[in-house]
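Grab your viewer and try these exercises. Have a go at each one before you read the solution under it.

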Amino acid sequence: MTPIAGAVALNLAFGFSILSIICLFIFTLNEDKRLFLTGQRLSLGISFFVFLSTFILWYQLIISNFDIDYVARYTSIETPFIYKISALWAGQSGSLLFWLFILSIFATITVLQNQSKHHGLMPWVIISLSIIQLFFLILTNFVTNPFMPTDADFVVANGNGLNPLLQNVTMAIHPPTLYLGYVGFSVPFAFAISALMNRDTSTLWIQSIRRWTLVAWLFLSSGIILGGWWAYQELGWGGYWAWDPVENASFMPWLTATAFLHSIIIQEKKDMLRIWNMALIILTFTLCIFGTFLTRSGVMSSVHSFTASSLGPIFLIFVFLILIISFSLMYLRKSELRSEKRMESFTSRESGFLFNNLVFVVMCFAVFWGTLFPVISETVRGTKITVGPPFFNQINVPIGLILLALTGVGPLLAWRNTSKQSLIKNFTFPILSGLIAAIIFLFIGFRGSVVISFSLSVFVLATISTEFKRGISARTKKFNESIFKALFAMVSKNRSRYGGYIVHVGIVFMFVGFTGHAFDKEKEFSLTKGQSDHVAGYEFTLLKLSETERPNHYAWISDIRVTDNKGEYVTNLYPEKRIYFHKNPDVNRRQPHSELDIYSTLNKDIYSIFSAVDNENGVVFIKIMVNPLVRWVWIGGYILVIGTMIALWPRKD
Amino acid sequence: MNSNKKFTIMIAGVITVVIFWIGWVSSNPKDEKAMASFISVEKLLNDKMKKRTKLGGLVKDGSIIISETNYLDCSFVLKEGAAELKVKYDRSRPDLFKDGAEVIITGQYLDGTFYADELQTKCASRYEGDLRDESSYKLTEIET
């Protein structure tokens with residue numbers, strides 16, 4: 001009974017979305033207030049029914065109702081509770097419903113938040129959001145319905161269970177975090193479309209979406225970082241980023257969104273770059289949908305792809321519709337979008353932002369190019385040429401370094417124009433620090449882009465500390481405050497600025513971590529009890545090989561002692577080889593899995609993978625990687641989140 | 001020249017440089033592992049392609065031979081349609097590598113043997129696959 005209720009709720013939401021769009025559209029023509037109120041309530045109704053159907057599916061997952069195909073496919077009776085919850089986004093139809101669920105949460109918040117605000121903008125905002133909801137409702141109602149019953153002639157006693165790779169807490173929270181980011185950009189996009197429809201593209205819409213954009217950006221950033229963290233902890237190839245099409249799909253909107261976050265500051269302060277901002281948010285939202293297309297279409301082979309499905313073309317059509325409609329709308333409003341303000345000088349904050357934007361967009365294009373290169377080369381040259389990480393690294397390392405440099409330069413430039421004296425005054429200390437660092441790093445023996453990256457990191461940190469010092473000393477002089485009080489007051493007075501600087505510090509940490517990749521070492525070898533082998537100056541000795549049976553898997557555990565080149569004890573590593581579903585009589589359905597063990601310090605990670613075991617001879621096959629500075633990436637991630645939170649924290653007044 | 005024009009030229013300049021850069025890297029990648037053509041086994045055997053290629057196919061049943069002295073050394077036969085190719089691979093193998101597995105390999109062809117340095121198994125069907133295992137049974141079977 002209840003499963004049908006879920007499907008019916010989805011049907012009702014579909015109906016409500018059409019009605020809501022019609023009501024609000026008529027309202028924009030005849031301005032009958034009652035129609036607006038009805039449309040608004042209908043829009044809340046869409047969300048209500050989406051919530052209802054999502055909760056019904058969640059309930060079915062929890063009670064393991066295998067009459068529903070989705071429940072049987074992604075859970076089993078033994079699946080732990082938390083992964084029954086996360087199974088909602090483990091498969092295709094469920095994840096589309098989940099997307100819709102988040103969109104509905106955002107739509108509800110937007111509607112409720114703006115009941116007495118932005119009357120001019122709201123009708124088109126709600127229409128735009130309802131249209132996006134309608135798209136996902138079409139998918140979940142008619143193309144891939146999560147409430148489909150299991151094949152009628154089968155009784156399923158137990159479900160498939162969730163892939164063991166997905167049974168990881170990070171994996172349970174990584175997709176929803178990314179989704180919150182992807183979906184979050186629907187709201188700024190809806191406001192942008194509404195501003196275009198209303199012919200008011202000045203700064204009003206920008207002010208109403210700044211926080212939304214920052215929230216979406218925070219989720220997208222954390223989603224990407226969590227994804228990297230999960231890949232590093234679980235997948236066992238020793239890295240956190242592989243330039244996989246689906247990773248790129250999340251990185252591209254991140255790049256344009258980051259550009260947008262910077263350039264709206266100029267529109268807010270100077271009313272410039274209207275066209276540019278409009279284009280950026282449209283692009284960001286389109287890339288979010290395009291990302292879903294890449295994941296779902298099967299066009300690209302990737303660790304993330306689900307089986308090729310009929311969804312590809314539908315998503316592609318949606319992407320093209322968004323692009324065509326939005327950009328034609330921009331073209332129709334080109335006279336309103338023109339701004340009278342002009343750039344005055346190259347050495348101005350505006351121009352700094354402009355170039356940072358340009359570099360972000362160019363990087364996005366480079367990633368886009370690489371991602372679609374196989375498709376492009378197949379159409380043009382007839383052979384499908386796949387590109388790997390070295391290609392992306394070669395293109396993006398220089399672009400990334402330019403961005404890093406701009407991170408340092410931008411904040412030191414003044415609005416409109418920076419005088420020569422203040423240029424010299426502001427840049428002397430940071431440039432000197434960067435140069436001294438470069439000499440030291442060269443002396444240590446680093447070369448090439450490693451030196452550039454490390455010295456630029458020092459340069460950026462020096463500029464940020466100059467900014468903090470300047471602000472603090474101004475306050476201590478003026479108000480006679482203590483340093484900590486001044487710091488606190490300064491940050492809380494101007495949260496978005498100093499929050500932004502803290503985010504920059506996080507980015508510098510991440511760059512340091514990325515640079516460490518240049519020094520990675522790896523080796524594969526076999527060991528019997530008591531034997532040892534060497535990697536990067538460390539000695540690895542197999543002390544013991546033990547076996548154990550746990551509720552849903554069987555495991556072999558190696559006990560490996562690690563000592564450094566002076567023979568001093570470092571740690572013990574316990575990587576495991578596991579067989580999931582080991583009781584399944586069908587050997588093909590048992591799934592082997594390597595559970596890693598990582599010894600992590602600020603300096604380097606020692607990463608161990610138990611590739612295979614030879615039971616008869618007691619031989620274990622181990623892969624060891626020594627990855628310097630990886631931890632800096634995660635620390636940078638934390639700093640980035642803290643900085644964004646500071647920028648987002650609401651003011652008291 | 002007014003400042004707007006200067007900016008336009010500057011922006012156009014940056015874009016041109018980057019497009020050239022991307023184009024240059026696309027045609028002369030520094031690392032030979034940056035690119036590989038995805039071709040069929042048949043085409044590889046016909047053309048005796050020496051450059052880096054990516055192939056897809058199935059592991060022929062019973063063809064996996066693991067060296068007795070070094071567990072990491074392994075050879076197998078890749079089947080794609082009627083075409084068969086001997087493959088050597090000496091790195092750790094993915095968990096799902098076995099007879100009949102669908103694999104994608106990357107490497108170079110030399111004198112009748114393909115030396116792969118990347119091996120990925122494809123197993124998308126496992127969890128999207130059907131439910132007809134021992135825990136499910138056909139209704140008609142109990143009825144009759």
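The exercises below work through a predicted model, from domains down to single residues.

**Exercise 1. Find the domains of chain A and chain B, and say how far apart the centres of domain 1 and domain 3 of chain A are.**

Solution. Start with chain A: the assignment lists domain 1 (1-151), domain 2 (173-236 + 244-372), domain 3 (389-518) and domain 4 (520-632). Next, take the C-alpha centres of domain 1 and domain 3 of chain A, which sit 44 Å apart. Chain B splits into domain 1 (1-30) and domain 2 (33-126), and their C-alpha centres are separated by 41 Å.

**Exercise 2. Check the length of helix α6 of chain A against what its residue count predicts.**

Solution. Helix α6 of chain A covers residues 122-143, so that's 22 residues, and 1.5 Å a residue gives an expected span of 32 Å. The C-alpha atoms at its ends are 30 Å apart, in agreement with that figure. Now look at its surroundings: 16 of the 22 residues of α6(A) are buried, leaving the helix mostly covered.

**Exercise 3. How are helices α9 and α10 of chain A oriented to each other?**

Solution. First get the geometry: the axes of α9 (residues 204-235) and α10 (residues 245-270) of chain A come within 10 Å and cross at roughly 150°. Angles over 145 degrees count as roughly antiparallel, and α9(A) and α10(A) are therefore roughly antiparallel. As for handedness, α9(A) passes α10(A) in a left-handed crossing.

**Exercise 4. Trace the open sheet β3-β12-β11-β10 of chain A and work out which strands are at its edges.**

Solution. The four strands run in the order β3-β12-β11-β10 (chain A), with antiparallel pairing. β3 (521-527) and β10 (597-600) of chain A each have a single partner strand, so one side of each lacks a neighbour in the sheet, and these are the edges. Neighbouring strands in this sheet are turned by 15° against each other on average, ignoring direction. Zoom in on β11 (residues 604-614) and β12 (residues 619-628) of chain A: they pair over ten bridges. I606(A) faces V626(A) in β12(A).

**Exercise 5. Look up phi for D271(A) and K48(B), then decide whether each residue is buried, partly exposed or exposed.**

Solution. Most non-glycine residues have a negative phi. D271(A) has a positive phi of about 55°, and its place is the loop between α10 and α11 (274-297) of chain A. It has 14 C-beta neighbours inside 10 Å, so D271(A) is partly exposed. K48(B) also has a positive phi, near 45°, and lies in the loop between α2 (41-47) and β2 (53-59) of chain B. With 10 other C-beta atoms within 10 Å, K48(B) is exposed.

Terms used: Residues are numbered from 1 along each chain as its sequence is written. Chains are lettered from A and ligands numbered from 1 in the order in which they are written. This is a predicted model: local features need pLDDT of at least 70, side-chain atom pairs count only at pLDDT 80 or more; totals for chains, interfaces and linings use all residues. Domain bounds come from an automatic or database domain assignment. Two strands pair if DSSP finds at least two bridges between them. Helices (H or I, at least four residues) and strands (E, at least two) are DSSP runs, numbered from the N terminus. Axes are lines fitted to C-alpha atoms, for helices over the stretch in contact, and angles run from 0 to 180 degrees between N-to-C directions. The expected span of a helix is 1.5 Å times one less than its number of residues. A residue is buried if 20 or more other C-beta atoms lie within 10 Å of its own, exposed if 12 or fewer, and partly exposed in between; C-beta atoms are placed from the backbone. Angles under 35 degrees count as roughly parallel, over 145 as roughly antiparallel, 65 to 115 as roughly perpendicular and the rest as oblique. A crossing is left-handed if the near helix is turned anticlockwise from the far one by less than a right angle, and right-handed if clockwise.
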